[in-house]
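The following exercises concern a single protein chain. Each task is followed by a solution that proceeds step by step.

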Amino acid sequence: MIDDETERLRLRLTELKQEHRDLDDVIARLLERAPFDQLQMQRLKKKKLSLKDEISYVESKLHPDIIA
């Protein structure tokens with residue numbers, strides 16, 4: 001049971017990190033274009049921040065900070 005949960009979390013973490021990298025690429029390409037949509041950029045950055053928060057949450061589930 002625990003191994004299934006751990007594996008599920010690892011898979012989710014991999015997916016989140018890939019999506020985060022993909023957003024980095026999209027943002028970089030958008031910045032290369034002279035006039036870019038500021039609202040779209042704001043939404044992408046907000047989504048990227050949300051992904052980062054979710055990555056941190058999943059990592060904390062995989063590696064809990066145990067205080068003895």
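**Exercise 1.** Determine whether Glu 5 is buried, partly exposed or exposed, and identify its salt-bridge partner.

*Solution.* Step 1: the relative accessible area of Glu 5 is 38%. Step 2: buried means under 20% relative accessible area, exposed over 50%, and partly exposed in between (1.4 Å probe, protein chains only). Glu 5 is therefore partly exposed. Step 3: a salt bridge requires a side-chain nitrogen of Lys or Arg within 4 Å of a carboxyl oxygen of Asp or Glu. Glu 5 forms one with Arg 8, with 2.7 Å between the closest N and O atoms. Step 4: Arg 8, at 47% relative accessibility, is also partly exposed. The two residues are 3 apart in helix α1, which means that about one helical turn separates them.

These values come from a predicted model, in which local features need pLDDT of at least 70 and side-chain atom pairs count only at pLDDT 80 or more, while totals for chains, interfaces and linings use all residues. Residues are numbered from 1 along each chain as its sequence is written, and side-chain values use heavy atoms, with hydrogens and water left out.

**Exercise 2.** State how many helices and strands the chain has, and check the span of α2.

*Solution.* Step 1: helices (H or I, at least four residues) and strands (E, at least two) are DSSP runs, numbered from the N terminus. The chain has 2 helices and 0 strands. Step 2: the expected span of a helix is 1.5 Å times one less than its number of residues. For the 25 residues of α2 this gives 36 Å, and the end C-alpha atoms are 36 Å apart, so the values agree. Step 3: at the start of α2, a side-chain oxygen of Asp 37 comes to within 3.0 Å of the backbone nitrogen of Leu 39.

**Exercise 3.** Explain which salt bridges tie α1 to α2, and why they join parts distant in sequence.

*Solution.* Step 1: the whole structure holds 6 salt bridges. Step 2: one of them pairs Glu 19 with Lys 47, the closest N and O atoms being 3.8 Å apart. Glu 19 is in α1 and Lys 47 in α2, so this pair ties together parts 28 residues apart in sequence. Step 3: another pairs Asp 24 with Lys 48, at 2.3 Å between the closest N and O atoms. Asp 24 belongs to α1 and Lys 48 to α2, so parts 24 residues apart in sequence are tied together. Step 4: salt bridges with shared partners also join Arg 12, Glu 15 and Glu 54 into one network.

**Exercise 4.** Identify the elements that contribute two or more residues to the largest nonpolar core.

*Solution.* Step 1: a nonpolar core is a set of buried Ala, Val, Leu, Ile, Met, Phe, Trp, Tyr and Cys residues joined through side-chain atoms within 4.5 Å. Step 2: the largest such core has 12 residues, among them Leu 9, Leu 23, Met 41 and Val 58. The elements giving two or more residues to this core are α1 (2–32) and α2 (38–62). Step 3: contact means heavy atoms within 4.5 Å. Beyond its neighbours within four places in sequence, Leu 23 contacts Leu 44, Lys 47, Lys 48 and Leu 51. Step 4: His 20 lies in α1 and, at 17% relative accessibility, counts as buried. Leaving out residues up to four places away in sequence, His 20 touches Lys 48, Leu 51, Lys 52 and Ile 55.

Technical notes: A polar contact is a pair of N or O atoms within 3.5 Å; within protein, one must be able to donate a hydrogen and the other to accept it, and residues adjacent in sequence count only if both atoms are side-chain atoms.
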